[in-house]
Amino acid sequence: NFWSKKINYINNIQIYYNIEQTKFSKFENIEFYNLTFNSYDNSKIYAKYIKNIKYRTKYPDKPIPILFYFHGYPASSRNWLEKSAFSSLGYDVVAIDFRNQGGLSKDVGNSSPSVFGHLTVGLDENIEDMIFYKNILDALILSKIVSSFKGINQKEIISFGASQGGAYSIIFSALNKNVTKCISLYPFLADFQNNYEKDNRKNAYSEFTHHARWFNTRGQNTDTFLNNLFYLDTLNFAKLLKCKVLFGISNLDEDCPKETQEKIYDSIKSQKRLCLYKKYYHENIPNFNDEILTFLLENK
């Protein structure tokens, strides 16, 4: 009910965006664009957009599917080259910069990048104050914008991401009924209560430890912030997936523990495929890239 209301809200607001071709976009088969838009709270959000010209030339009457790329934490949409590889498979590609991380998107009233600490911003307050909540709305708004472009297949959207990106790939797919395929590698933002209680200071959830030492010394705010996090927990979104899912687990992962990854995968009820990498940590897994290729080319 909470997220249904948010989606309805987004669908009924006017969004202003600007899209400009990059200076290096001088190729016949592909075009590169910088896309910016004012989000629901007037924050300025940036995304890379890659337009597949070759596909449009070859199939002038066939709308092209979109692939949404979600980056890790803390980072940005990164380089154009990686996104171009996805485009070569027959997609337009869009990659958002999440607020105040390593890219160009800025949170209104809080314009300086903070790198880490996003997990606890607004934690003891209202969920609407949390940056991860705002990022979800930004991604849904971006989807609304790009889906309105000429020649886009609004009914065939792909989501991809690892770690934080893996979480948003699942969250985005759960909230966007037009996603047909979801790719997620060792997703973050999950099983919050268990990760809070474990107090593992080696992983990405260590921000909880510092927050508790300074602002929750006697546990007086625990119920409040766990309730907020419940609405952002990847575990709860995984249950809602209707699309096909390719899921990668890193067995030795210390940042996003294996047991948390397994809980997410077990919560998925739609058609799914698991790739377990027994000797990998929270790192690049080359073999998973080949699995992605196979997954994307199926039924194309």
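This is a short walk through one predicted model, from its strands to its largest pocket.

First, the ground rules. Residues are numbered from 1 along each chain as its sequence is written, and side-chain values use heavy atoms, with hydrogens and water left out. Because the model is predicted, local features need pLDDT of at least 70 and side-chain atom pairs count only at pLDDT 80 or more, while totals for chains, interfaces and linings use all residues.

Now some vocabulary. Helices (H or I, at least four residues) and strands (E, at least two) are DSSP runs, numbered from the N terminus. Buried means under 20% relative accessible area, exposed means over 50%, and partly exposed lies in between (1.4 Å probe, protein chains only). Two strands pair if DSSP finds at least two bridges between them.

Let's start with strands S2 and S3. S2 covers residues 30–38. S3 covers residues 44–52. How do S2 and S3 pair, parallel or antiparallel? They are antiparallel, over nine bridges. One contact to find on screen: Glu31 has Lys51 in S3 as its bridge partner. Five residues sit between the strands of this hairpin. Among them is Asn42, with a positive phi near 75 degrees.

S3 is mostly covered, with seven of its nine residues buried. S3 also has a link to strand S5, residues 92–96. Four bridges join these two, again antiparallel. Here Tyr49 has Val94 in S5 as its bridge partner. A general point while we look at strands: in a regular strand the side chains alternate between the two faces of the sheet.

Look at Asn38, in S2. Asn38 counts as partly exposed because its relative accessibility is 23%. How far is Asn38 from Leu296 in space? The answer is 31 Å, C-alpha to C-alpha, with their positions 258 residues apart in sequence.

After S5 comes Gln101, in the loop between S5 and helix H4 (131–147). Is Gln101 buried or exposed? It is buried, because its relative accessible area is 3%. Gln101 and His118 are 17 residues apart in sequence and 8.7 Å apart in space, C-alpha to C-alpha.

Next, the parallel strands. Strand S7, residues 179–185, runs parallel to S8 and is joined to it by five bridges. S8, residues 244–250, is mostly covered, since six of its seven residues are buried by the cut-off of under 20%. Six bridges join S8 to strand S9, residues 272–277, and these run parallel too. Phe247 ties this together. In S8, Phe247 is the bridge partner of Ser184. In S9, Leu274 is the bridge partner of Phe247. From S8 the chain crosses through helix H10, residues 258–267, to S9, and this β-α-β crossover is right-handed. That means that, with the strands pointing away from the viewer, the path from the first strand over the helix to the second runs clockwise.

On to helix H5, residues 164–175. H5 has 12 residues and reaches 17 Å from its first C-alpha to its last. That is close to the 16 Å expected at 1.5 Å a residue; the expected span is 1.5 Å times one less than the number of residues. How many of the residues of H5 are buried? The count is 12 of 12. They include Tyr168, Phe172 and Leu175.

Now a few backbone oddities. Most residues other than glycine have a negative phi, and most peptide bonds are trans. Tyr73 and Pro74 are joined by a cis peptide bond, with omega about -15 degrees. Pro74 lies in the loop between S4 and H3. Arg78 lies in the loop between S4 and H3 as well. Its phi is positive, near 65 degrees. Arg78 is partly exposed, because its relative accessible area is 43%. Tyr186 has a positive phi of about 25 degrees. Tyr186 sits in the loop between S7 and helix H6 (192–198). Tyr186 is buried, because its relative accessible area is 6%.

Last stop, the largest pocket. Its volume is about 640 Å³. Of its 30 lining residues, the closest to its centre are Tyr69, Arg78, Glu82, Phe160 and Ala162. A pocket is an open set of points on a 1 Å grid over the protein atoms alone, where a 1.4 Å probe fits, with protein on both sides within 12 Å along at least five of seven lines; lining residues have an atom within 4 Å of a point. Which element gives the largest share of the lining? H11 does, with five residues.

Technical notes. Grid points are joined across faces, edges and corners, and a volume is the space filled by probe spheres set on the points.
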